[in-house]
Each structure stands twice: as structure tokens, then as C-alpha cells.
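These are my notebook entries on a structure that is new to me. I set down what I looked up, one topic at a time.

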Amino acid sequence: VSRPRNVSPPAAILYDGASRDFPLDAAGLPVEEHPTDQKVALALIVAQGTVAGSSTLGSKLRNKRLINSETIRTEVAYIVNTALASLVAAKEIVIVRIDVDLGAPDRVLVRVVYENLLLNASLSKAERTRTQGVTFNG
């Protein structure tokens, strides 16, 4: 019989959008993430309306289809700003920039660079700056 592990649950765990799962570390435990970073990931990666318990969780990025490459950047910025509006209003994050890459045919890569304002104030701005990516079919 092995001894029970002495662990405390993390405040938030990493959500991997590519696998749509919560990865585990080498010890078999969930990878810890700052709660605000988890909120950003879920707000951007999850398709809005797909979580039964929270119809407002997520964004409409995965519902978006590339209709006009000239307006896609404006449309994506609107969707991202809407998805993250509550975090911005609560002063948890500041959106630094939204990058849209149309390099691959029928694929759109969105990278949102943001500053997590709830991380330790002794950290530099660069250390508080995070990037969250989302890829969807165009």
C-alpha cells in the first residue's frame, strides 16, 4: 500500500486547446495555471454555447467563417474583445494586441497578447504578459 500524496489542489489548471483536455505533469497531477490565465484560455478556446452549465462561456471564434479576408481582423478583434470584456472590466487583464494570421489555407490563427494584472506586482510587465492562441477553420 502506498502512502497518500500530500498535495493541495491548484487554484486553476491548464487547459490545452489542441487536445481539449487538462494535461498532467510527470507526477500525474494537473498542471497549475494562474486563475486569470485559465479564464482567458477558456474564454477564447471554448466555442460559446457548448458548455451546458454555462451558455455564455467561450467565444464565437470557432463559429466564425472567413468570408472576407479584408474584414476578418476587425471581426476577430470584436469577438475577442467581447469574450474578454468581463476580465478587462474587472481589471484582471489588459489586452496588449490581437494578431490574426491568415497564412494557411482555410485556417485562421489568432494570438491574443495580454497582461495579467493579478500576477505579483513585483514581476516585470514582460513577466506578466501572456499569449493565448486559437486556431479555427476559415
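Entry one: helix H2. I began with the burial of its residues, bearing in mind that the model is a predicted one. I found Ile72, Val76, Ile79, Val80 and Ala83 to be the buried residues of H2. I then looked down the axis of H2: the buried residues fall within an arc of 95°, so they line one face of the helix. I noted the general background that an α-helix has 3.6 residues a turn, so residues three or four places apart point the same way. On the other side of H2, I recorded Thr74 and Tyr78 as exposed.

I next looked up the extent of H2. The helix runs over residues 72–83, which makes twelve residues. From the first C-alpha to the last I read a reach of 16 Å, close to the 16 Å expected at 1.5 Å a residue.

Against which elements do the buried residues of H2 pack? I listed two helices, H1 (35–45) and H3 (85–89), together with the strands S1 (93–101), S2 (107–116) and S3 (129–137).

Entry two: the chain as a whole. I wished to place H2 among the other elements. The secondary structure comes to four helices and three strands, and along the sequence I read the pattern α-α-α-β-β-α-β. The C-alpha atoms fill a box of roughly 60 × 35 × 30 Å along the principal axes. The chain has 138 residues, of which 30% count as buried. I also looked at contacts between residues at least 6 apart in sequence, and 40% of these join residues at least 24 apart.

Entry three: the largest pocket. I recorded about 270 Å³ of space in the largest pocket. Its lining holds 15 residues, and those closest to its centre are Gln48, Thr56, Gly58, Thr82 and Ala83. H1, H2 and H3 are the elements that give two or more residues to this lining. Which element gives the largest share of the lining? I found that H2 does, with four residues. I noted again that Ala83 is one of the buried residues of H2. By class, I recorded six nonpolar, seven polar and two charged residues in the lining of the largest pocket.

Entry four: the second largest pocket. I noted a volume of about 170 Å³ for the second largest pocket. Of the 16 residues that line the second largest pocket, Tyr15, Gly17, Ile45, Gln132 and Gly133 are the closest to its centre. The elements that give two or more residues here are H1 and S3, and the largest share, six residues, comes from S3. By class, I recorded six nonpolar, five polar and five charged residues in the lining of the second largest pocket.

Entry five: two residues of H1. I looked up threonine 36 and aspartate 37, and I found threonine 36 in helix H1 and aspartate 37 in helix H1 as well. Is aspartate 37 buried or exposed? Its relative accessible area is 5%, so I entered aspartate 37 as buried. Threonine 36 has 1% relative accessibility and therefore also counts as buried.

I then looked up their contacts, leaving aside neighbours up to four places away in sequence. Aspartate 37 touches Tyr114, Asn116 and Arg130. Threonine 36 is in contact with Glu92, Ile93, Asn116 and Leu118. I closed the entry by noting that Asn116 appears in both lists.

Notes:
Residues numbered from 1 in each chain as written. Predicted model: local features only at pLDDT ≥ 70, side-chain atom pairs only at ≥ 80, totals over all residues. Heavy atoms only, no water. Expected span 1.5 Å × (residues − 1). Buried < 20%, exposed > 50% of the residue type's maximum accessible area, 1.4 Å probe, protein only. Arc of directions from axis to C-beta. Contact = heavy atoms within 4.5 Å. 1 Å grid on protein atoms, 1.4 Å probe; cavity = no way out; pocket = protein on both sides within 12 Å on 5 of 7 lines; lining within 4 Å. Points joined across faces, edges and corners; volume = space filled by probe spheres on them. Nonpolar A, V, L, I, M, F, W, Y, C, P; charged D, E, K, R; others polar.
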